[in-house]
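Visitor: I would like to learn how to read a few side-chain features in a structure such as this one. Could you take me through them one after another?

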Amino acid sequence: MKRKFTIKSSIPSRGKFGNLWQLLQQLVWGWCLILGGWLICTTITLFFAASRPVDAFFVLGGSIRREIYVAQQIRQYPQTPILISHGSPDPCLWLIFQREAVSLQKVWLEKCANSTFENFYYGIPILRHWKVHNIRLITSQTHLPRAKWMAQILLGAHGIWVDFDIVREQGIPGNREFWQKTVLDLTRSFFWAIFSQIIQPQCTANVTRLTQVDMSAWQHRGFKCERQGEVAR
């Protein structure tokens, strides 16, 4: 009797396992279809975005030479907004753009980011709010290829085409690129490319226009700029 009971009781268990397996397969196939459709739509969007004019400049902080470069380039794009992600101190940026005799109205400073990944983490919601489709990203050779791959993954996931302006640095860079860091950043970039479709981190308290920089207060407080900037207090 015990043997018959064991055989009979195992049949429902196998049936439940089979149903769960079928459900899992359906979920996987459904997810693959959704992901495939999203990739196709994003690719089409990027194809058309690539032919559009530049909507914004996105400067990754870490070198004052990048900010000097974009201040010089903006003469050709006076109506194009600039987003500088955790760049040089505010008064240094103010002096750079004043020296180049360009408008400060379209320059925005984001101060939340503390890493390359966070440059995109906090920068993408701002760019999406601006409804940009084609941006020019400003970085340095010492920042590649990690920053380039991350930009293509994260910005591309939002249908934003990105071109790159690589600024030549002077001297020995203070940062070094390690493959472990590249692998880590690319891995979380792939995940964030999906989650950022519904999650929009905000940095409203630390995003300001360059025109809002109070130079009188900074002069009283004191500040220091990178020597390569060649700007004085």
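Visitor: Let me begin with a single residue: does cysteine 203 count as buried or exposed?

Guide: Bear in mind throughout that this is a predicted model. The class follows from relative accessible area, where buried means under 20%; cysteine 203 has 6% relative accessibility and therefore counts as buried.

Visitor: Which cysteine is joined to cysteine 203 by a disulfide, and which parts of the chain does that pair tie together?

Guide: A disulfide is recognised from the separation of two cysteine sulfur atoms, with a cut-off of 2.5 Å. Here the partner is cysteine 112, at an S to S distance of 1.8 Å. Because cysteine 112 sits in the loop between β3 (107-110) and α4 (116-129), while cysteine 203 sits in the loop between α6 (179-195) and β6 (207-209), the link ties together parts that are 91 residues apart in sequence. The angle about the S-S bond is 95°, and the link is right-handed. Cysteine 112, at 16% relative accessibility, also counts as buried.

Visitor: How many disulfides does a search of the whole structure find, and what pattern do they follow?

Guide: The search finds two, and, when the bonded cysteines are counted along the chain, the pattern is 1-4, 2-3. The other link joins cysteine 92 to cysteine 225, with 1.9 Å from S to S. Its torsion about the S-S bond is about -95°, so this disulfide is left-handed. Since cysteine 92 belongs to helix α3 (residues 90-99) and cysteine 225 to the segment after α7 (215-221), the pair ties together parts 133 residues apart in sequence. Both of these cysteines, 92 and 225, are buried, whereas cysteine 41 is partly exposed, with a relative accessible area of 48%.

Visitor: How should I read aromatic pairs, and how many are there by this rule?

Guide: One looks at the distance between ring centres and then at the angle between the ring planes, where over 60 degrees counts as edge-to-face. The count comes to eight aromatic pairs. One of them brings together phenylalanine 57 and tyrosine 77, whose ring centres are 5.3 Å apart and whose planes are at 70°, so the pair is edge-to-face. Because phenylalanine 57 lies in strand β1 (residues 56-60) and tyrosine 77 in the loop between α2 (64-73) and β2 (82-85), this pair ties together parts that are 20 residues apart in sequence. Phenylalanine 57 is buried, at 0% relative accessibility, while tyrosine 77, at 22%, counts as partly exposed.

Visitor: What kind of aromatic pair do phenylalanine 117 and tyrosine 121 form?

Guide: That pair is tilted, with 6.1 Å from centre to centre and 35° between the planes. An α-helix has 3.6 residues a turn, so residues three or four places apart point the same way. In this case phenylalanine 117 and tyrosine 121 both lie in helix α4, four residues apart, which is about one turn of the helix. Phenylalanine 117 is buried, at 8% relative accessibility, and tyrosine 121 is partly exposed, at 25% relative accessible area. Together with Tyr122 and Trp192, Phe117 and Tyr121 form one aromatic cluster.

Visitor: Which charged end sits over the ring of phenylalanine 117?

Guide: Such a contact is read from the position of a charged group relative to the ring centre and the ring normal. The charged end of arginine 188 sits over the phenylalanine 117 ring, 4.2 Å from its centre. Likewise, arginine 221 places its charged end over the ring of tryptophan 218, 4.3 Å from the centre of that ring.

Notes
Residues numbered from 1 in each chain as written. Predicted model: local features only at pLDDT ≥ 70, side-chain atom pairs only at ≥ 80, totals over all residues. Heavy atoms only, no water. Helix = DSSP H or I, 4+ residues; strand = E, 2+ residues; numbered from the N terminus. Buried < 20%, exposed > 50% of the residue type's maximum accessible area, 1.4 Å probe, protein only. Phe/Tyr/Trp six-rings, centres within 6.5 Å; stacked < 30°, edge-to-face > 60°. Lys NZ or Arg CZ within 6 Å of the ring centre and 35° of its normal.
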